[in-house]
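Below is a colleague's note on the model, set out as numbered points. Please read it beside the sequence and the coordinates.

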Amino acid sequence: MSINVNEEHQLFHLQTANTSYIFHVMINGDAGQLYYGTKIPVKADYLNLDTHEEHDCTNTLTDDQTDFQLELLKQEYASFGKGDFRYPAFQLTNPDGSRISEFKYHHYELTNGKERLAGQPSAFASDEDDSQTLKLHFLDDVNQVELVLNYTVFENEDVIVRSSTFINHGAPVELNRALSMQLDLPDRQYDLVQFDGSWARERHLHRSPLRYGTQSNSSLRLHSGHQSNPFFMLARPHTDNNQGAAFGFNLIYSGNFLDSVEVDQFDTTRVLVGINPEEFGWHLGTDESFQTPEAVLTYTDNGFNQLSQQLGAFYNHHLLNQNFVNQDRPILINNWEATFMDFTEDKLMPIVEKAKELGIEMFVLDDGWFGHRDNDLSSLGDWFVDQKKFINGIGGFSYRVHNLGMKFGLWFEPEMISVDSELFQQHPEWRIGAPKRQLTPARHQFVLDMSRSEVVDYLYEKMSAIIKDTQLDYIKWDMNRSITEAFSADLPADRQLESGHRYILGVYDLYDRLTKAFPKVLFESCASGGGRFDLGMMYYAPQAWASDDTDAVERLAIQDGTSYGYTQNMWGAHVSAVPNDQVGRLTSIDLRAKVAYFGDFGYELDITKLSPEEQATIRDQVAFYKQYRHLFQFGKFYRLESPDSDAQNVFSWEVVNDDQTEAIGARFQVLNGANPAYIRFYFAGLDPEKQYTVNDSDEVFSGQELMSAGYFVPRVMPRTPEKDPADFKGSLFIAKAIK
């Protein structure tokens, strides 16, 4: 069993294949954290982990129980105002205006499997035997609010999923703060590893030692944002990709979030993850409940690669859309950087025909096909085809694409509205905006109030009609701005703090309805690139556009950082034209493809304008990717060199298949160095006993040799023709086991 309960001592020991998570009910009725880390044996009690010492100048439970001081204790889900002055996991306002809660343990439930949450994305069981769920019920006798702490153990993946539920059995209360999980660790000897950036440079790795006080990542944009990703890690200072202890945390949510790490005066580290309490509130009426999003926890003492692989296995088995989780993703071409909004059907068809000739499998029509949209000033919300561009309608164009034997995809930005649109003329009240205030546009567009059911109904009707008309295979769902002047005309004044969470629930509702009605349509999430790259989106759309920045060099840092908390089948990666549209850099089409192979591969340029030699190169790239697509998309991913040790000049990745018979490694070097040392490429994840060739070499290597002694890499020679510069180089190493 994954969950062991000692009813006599009210002790709960959650075990995965390699970890233990232990907590108990304390004498005040709260839950206290005892241990999370490497797996230890089950015992009747852990007195050593539950030691108390009295400290002066510190609040006590009672005058008689002076060694029980909440400020010194590790807890599971702490309140505020009872002697623990660290940031709490929750807070609510009672009918009398007080903000004090006294939840006391009532009972527990233990079941096999895992149910999905209603109305929001969540983990699920593949079958009843692959997980166990524990629910601890606590009751506040004064306000009659029930608190349920939810834990699901996914044993094989070394993952625990947590959330909290508030159920009100009494008079209405106001929920001011409701985080998904809390973890108190017994010391502060950790580095905070977070993934931050901005538009076009998302999810760059940043690592810093914990300090006293609070460090946090967060968003108040009503989407998870380019600036800080919800995924982060706590790692021992010596931990790297291959060894050392690390905790990983991620949130299955797409709105305002908070990842908080607080080190207190006694060197305890408190981790809090959940909905950002700023700009949040929830009116909890009698017999109403509130469910927090789910948070994902994992631990390993074998380095970051192992942690990433645990999460990847969990996502694929227990989170992503199962219709696509093992399905090879199609090689696509997107017309955005080829035409932007300046196109007609006749202008697009040569690109489609050339794509078919080169072996590309899907054509994706981006922004500009609807309303009267020739630029970004109009038509968002008017989801009907622009007949000037498509004489035979969008269905007619889709028929021509399908008739060539290609799949067809389409861009939508359903959450947005233009003032210059028929929809705005009909429903100005659907636009988000505080009354009597100047509104703040972005990209000349505003946001629809997705908390309103009639907005979701409208979008479902319009998108469904287009999907049916086109027999659509793929949707790129974009979201191109943060939300300002947050206000819902559909909510009363005293419930406006609910609008942000209700907005996200509306987005989830639309996604849920569409993915259930059209289960064969592959959805890709996009938010100006990587602005909503989170597990909430991935639940519905199993891949996301990693960044609007398609420059191969910039993508190295973006994809490397992304790989810590997500898997390569979850991000789109394309070859675009040069000079690159975002940074103006010139790189070879060879490098651009090799970087993009590690993801859901595609192209984003006008292939009809390329030379015959370049087109032949694309044909070869497409054929190569098809040969190794499943390995690139679903192979076990390894980061082999840490870029922070080499000023981000060298990145090395590898993917290995399940039976360790095939692996592809890549070494990317941004700038060539003068008189460099010998270079060896060290594989990982191979079978030490198997025999391999590398790039069809005559020499045979054991897996142990390739991992321990490495494979020699010739240096890039500086005296090369001008058309083949020495900088911006990528090399692939294909290891195949000898049968």
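**Notes on the predicted model**

1. M26 is buried, with a relative accessible area of 8%, and this in a model that is predicted. The residue sits in the loop that runs between β3 (19-25) and β4 (31-38). Leaving aside neighbours within four places in sequence, M26 is in contact with A31, G32, F68, L70, L73, K74 and Q75. The C-alpha atoms of M26 and L11 lie 9.5 Å apart in space, with their positions 15 residues apart in sequence.

2. V145, which belongs to strand β8 (residues 145-154), is likewise buried, and its relative accessible area is 0%. Apart from neighbours within four places in sequence, the contacts of V145 are L92, F103, F138, L139, D140, F166, I167, N168 and V173. The C-alpha of V145 is also separated by 9.4 Å from that of T286, a residue 141 places away along the chain.

3. On the nonpolar interior, the largest core has 187 residues, and within this core F363, L365 and W369 touch the most other members. For W369, once neighbours within four places in sequence are set aside, the contacts are F343, W383, F384, V385, D386, F390, I394, L410, W411, F412 and I466. A second core, separate from this one, has 18 residues, among them Y638, I679, F701 and F733.

4. Two packed helices are described by the angle between their axes and the distance between the axes. Helix α3 (residues 345-358) packs with helix α4 (residues 393-403) at an angle of about 15 degrees, the axes being 11 Å apart. Because angles under 35 degrees count as roughly parallel, α3 is described as roughly parallel to α4. Their crossing is right-handed. On the α3 side the contact is made by E345, D346, L348, M349 and V352, and on the α4 side by F397, R400 and V401; by class, this contact has five nonpolar, no polar and three charged residues.

5. Which angle do α4 and α6 make where they pack? Helix α6 (residues 453-470) and α4 pack at about 40 degrees, with their axes 8 Å apart, and α4 is therefore oblique to α6. The crossing of α4 and α6 is right-handed. The residues that meet are I394, G395, S398 and H402 from α4 and I466, D469 and T470 from α6, a contact with two nonpolar, four polar and one charged residues. I394 and I466 also appear among the contacts of W369.

6. Some backbone values deserve a careful look, since most residues other than glycine have a negative phi, and most peptide bonds are trans. D158, which is not a glycine, has a positive phi of about 55 degrees; D158 is found in the loop between β8 and β9 (159-168) and is buried, with a relative accessible area of 3%. K436, also not a glycine, has a positive phi of about 65 degrees; its place is in the loop between α5 (422-426) and β25 (446-447). Is K436 buried or exposed? At 87% relative accessibility, K436 counts as exposed.

7. The peptide bond that joins V578 and P579 is cis, with omega at about -5 degrees. P579 is located in the loop between β29 (571-576) and α10 (589-597).

Key: Residues numbered from 1 in each chain as written. Predicted model: local features only at pLDDT ≥ 70, side-chain atom pairs only at ≥ 80, totals over all residues. Heavy atoms only, no water. Axes fitted to C-alpha atoms, helices over the stretch in contact; angles between N-to-C directions. Helix = DSSP H or I, 4+ residues; strand = E, 2+ residues; numbered from the N terminus. Parallel < 35°, antiparallel > 145°, perpendicular 65-115°, else oblique. Left-handed = near helix turned anticlockwise from the far one by under 90°. Contact = heavy atoms within 4.5 Å. Nonpolar A, V, L, I, M, F, W, Y, C, P; charged D, E, K, R; others polar. Core = buried A, V, L, I, M, F, W, Y, C linked by side-chain atoms within 4.5 Å. Buried < 20%, exposed > 50% of the residue type's maximum accessible area, 1.4 Å probe, protein only.
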